[in-house]
Amino acid sequence: AQLRYSVPEDREPGSSVGDLAKDLGVEVRSLATRNLRLVSEGGQRHFQVDLAAGVLLLDSRLDREALCGQSPTCSLHLQLVMENPLQLHRVEVDVLDVNDNAPQFPKPEVVLEITEVANPGTRLPLEVAEDLDMGSNSISTYELSPSEHFTLSINVRGDGVKMPEMVLQKALDREKVAVHRLTLTALDGGNPVKSGTAKVTIHVLDANDNPPVCDPPISKVYLEENVPVGTLVTKLNVTDLDEGPNGDVEYSFKISNNAPGKFTKLFSLDPRTGEIRTKGPLDYEESSAYEIAVRARDKGSPAMEGHCHLRVELIDINDNSPEIVLTSLSSPVQEDATPGTVIALIGVKDSDSGDNGQVRLQIAEELPFKLVSSFKEHFSLVTNGPLDREKASGYNITVRAVDSGSPQRATQKTFYLRIADVNDNAPNFSIPFDTAHVQENSLPGTSVFSVLASDPDEGSNAKLSYSILHNGMQDVPISTYFRIDQDNGTIYTVRALDYEQDKVFQVPVEVKDAGSPALSSTAVVHVFVLDENDNAPTIVYPSVPKGSAFHQTIPALAEPGYLVTKIVAVDADSGHNAWLSYQLQETAEALPFQVERRSGEIRVAQALRDSEDPHRLVVEVRDNGTPSLSASVVLVISPEENSVQDFAKSLDLPKSSPKDTNLTLYLIISLVSISLVSCVMFGVVAARCL
């Protein structure tokens, strides 16, 4: 918003200027909570805000003449900044003039000379009085004390200044009156009227009776501000009807109180030709116009002079670049900020005028921001689309200010806006399904597997913690078998695992971030237990109590290849750990028997001798694990005369009962069956997870 107040100068400090709370449409009690601050653009503090009453007060006595000089308007610019939400209000206070200054002449006495042969109508310029007040309080008119020879004429200069001149009304006679003494009074338009006076002394001279005449007496010239030094401004047209020295004119600047010689630093005057040229760089922003007074004096005796008044108005050239002022910046901004959220308040200034001072702001179109004009020369930078910190954690925003001059001038300002993270991304596992293997009988605390998850957020929103969920697939909670390090996602065993009891586990793992609200995701780790050779073979047949022997009789005439018996053993392990081999323990004497390594069949290896004593055999069953485990059984084989030989049992080993002897076939069938069961189980698990 933009507020405008007016206050007369010389008001006492503490006087009320305006009701801010009412004009802004806010409650008085909210001013303090919204941290209302007053910022003066000029750097000087003339006002203060009463937060309790919500009014703008004078902080010091104002002097319009000291603040604004001779400017027709006098305005002080303030800025009110309120937070929550951030708002900028512009306040313009017009300082009204009070008639507190009386007109004053540069000199208390003015001495003039005039020839006695001067014709009626001759004009004598008088000093212009100065009144620091403006408008109606400035100089309104002049008055001259009564005289039979002189009257007062008032001309208005191009800038509105009234210039008094004395006009000769009646011919002079020096021999009668050599000196005329008058009083010039300057009156202002205030109420009450104030005045100032100056004494005017006129000496009547003899002879040279034609003064130089400037044609026209008041002229105006337009000049561009960037013209080079030495440019001709104008050549004065002055004529003097006298001849000889009385008509030879010399030119010089006339310094008046209103123009105290400043233009003499910028312009030069040729005293003989009357040419006025520039001698210094001109700046429209410093002064847009110059009033030049020139005195044209002849060389007569006494010398006569005329006066020329020239107004030089400068044409503005686009020689100043715009200036960008970053008033306020809210950084960082939340990535979930809604479109239209105010990010920054930006002001722009250009010292040029007209189109040269008209400035527009631009930012890159691809940025998710836009500029909104708040009021003259003030803009708000607001969001124009969704922000995503994971795509862009910040923006280098370049604001470019371009004026409307020809050629255009531009400037730019870059600032960095940081985007604050919001927990809008759930953690994500690199692989949602994974497998791990662990040896059975591993010690509790053995590392099984490490899951890895990532979160594109930052800070606490990206701080991850892992946990194991109970999936209900095992009778016993999965947490009794495994635990997970909540910081790094490493899975450890809680107790020793038994392959023979559980061959595979599904371990559902959840990862959760520390945001608010927290986001999570899950993954499943299939833990396969690897078999270890921890079970020794068990002899199923013959079943003999520990420490006893199994007795078997055979015919005394049994031939080589005769099947004595078959040792049957099993191993609770699997794979290589369950592959069994049979062998006879070595004895001091050779035995007429042999055992098949894979089938466990004991056969007669050589013909038995008559009347042989019983043979004691120790058959050892050993698995294929590392280290290998074994079991043994003691057989006592007794040959008997009356036993009848079963020729079926004397068949060669390769031809005897293939279903009983081909252990390798059984193993192959077992492995194929286990593989098929595993494939079916994996299919069921995958279907359930999907």
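This report describes domain annotation, salt bridges, aromatic contacts and a surface patch in a predicted model.

## Domain annotation

In an unreviewed UniProt entry, the feature "domain: Cadherin" is listed for residues 6–105, 106–214, 215–324, 325–429, 430–539 and 546–656. For the span 325–429, the secondary structure is 52% strand and 0% helix. The C-alpha atoms at the two ends of residues 325–429 are 48 Å apart.

## Salt bridges

Across the whole structure, a search finds 20 salt bridges. Three of them are set out below.

| Salt bridge | N to O distance | Separation in sequence |
|---|---|---|
| Arginine 4 and glutamate 92 | 3.0 Å | 88 residues |
| Arginine 4 and aspartate 94 | 2.9 Å | 90 residues |
| Arginine 157 and glutamate 291 | 3.9 Å | 134 residues |

Arginine 4 takes part in a salt bridge with glutamate 92, at 3.0 Å from N to O. This pair links distant parts of the chain, since arginine 4 belongs to strand 1 (residues 2–8) and glutamate 92 to strand 7 (residues 87–96). Arginine 4 also bridges to aspartate 94, with the closest N and O atoms 2.9 Å apart. Here too the contact runs between strand 7, which holds aspartate 94, and strand 1, which holds arginine 4.

The accessibility of these three residues can be stated one by one. Arginine 4 has a relative accessible area of 53% and is therefore exposed, the cut-off being over 50%. Glutamate 92 has a relative accessibility of 11%, so this residue counts as buried, for which the limit is under 20%. Aspartate 94, with a relative accessible area of 16%, is buried.

A further salt bridge joins glutamate 291 to arginine 157, whose closest N and O atoms are 3.9 Å apart. Glutamate 291 is in strand 22 (residues 289–298), while arginine 157 is in the loop between strand 11 (150–156) and strand 12 (162–168), so the contact ties together parts of the chain 134 residues apart in sequence. Both glutamate 291 and arginine 157 are buried. The two residues also belong to a network of salt bridges that links Arg157, Lys220, Glu291, Arg311 and Glu313.

## Aromatic contacts

The search of the whole structure gives nine aromatic pairs. In one of them, the ring centres of phenylalanine 253 and phenylalanine 263 are 5.1 Å apart and the ring planes are at 85°, so the pair is edge-to-face. Phenylalanine 253 is part of strand 19 (residues 249–253), and phenylalanine 263 is in the loop between strand 19 and strand 20 (267–269); the pair therefore ties together parts that are 10 residues apart in sequence. Phenylalanine 253 and phenylalanine 263 are both buried.

Another pair is formed by phenylalanine 482 and phenylalanine 505, whose ring centres lie 5.3 Å apart with planes at 80°, so this pair is likewise edge-to-face. The contact links distant parts of the chain, with phenylalanine 482 in strand 37 (residues 482–484) and phenylalanine 505 in strand 39 (residues 504–513), 23 residues apart. Both phenylalanine 482 and phenylalanine 505 are buried. Ring pairs join these two residues with Tyr481 into a cluster of Tyr481, Phe482 and Phe505.

Tyrosine 481 also has a charged partner: arginine 495 lies over the face of its ring, at 4.2 Å from the ring centre. A second contact of a charge with a ring involves lysine 503, whose charged end sits over tyrosine 499 at 4.9 Å from the ring centre.

## Surface features

Val540, Tyr541, Val568 and Val570 make a nonpolar surface patch of about 320 Å². Strand 41 (538–541) and strand 44 (568–570) each contribute at least two residues to the nonpolar patch. Valine 540 is located in strand 41 and is partly exposed, with a relative accessible area of 45%.

Leucine 452 is in the loop between strand 34 (447–450) and strand 35 (453–454). With a relative accessible area of 58%, leucine 452 is exposed. Its C-alpha atom is separated by 61 Å from that of leucine 3, and these two residues are 449 residues apart along the chain.

How values were computed:
Residues numbered from 1 in each chain as written. Predicted model: local features only at pLDDT ≥ 70, side-chain atom pairs only at ≥ 80, totals over all residues. Heavy atoms only, no water. UniProt positions renumbered as here; feature names shortened; annotations may be inferred. Helix = DSSP H or I, 4+ residues; strand = E, 2+ residues; numbered from the N terminus. Patch = residues over 30% accessible without salt bridge, like charges linked within 9 Å, V, L, I, M, F, W, Y side chains within 5 Å. Areas by Shrake-Rupley, 256 points an atom, 1.4 Å probe, with all protein chains shown as cover. Salt bridge = Lys/Arg side-chain N within 4 Å of Asp/Glu carboxyl O. Buried < 20%, exposed > 50% of the residue type's maximum accessible area, 1.4 Å probe, protein only. Phe/Tyr/Trp six-rings, centres within 6.5 Å; stacked < 30°, edge-to-face > 60°. Lys NZ or Arg CZ within 6 Å of the ring centre and 35° of its normal.
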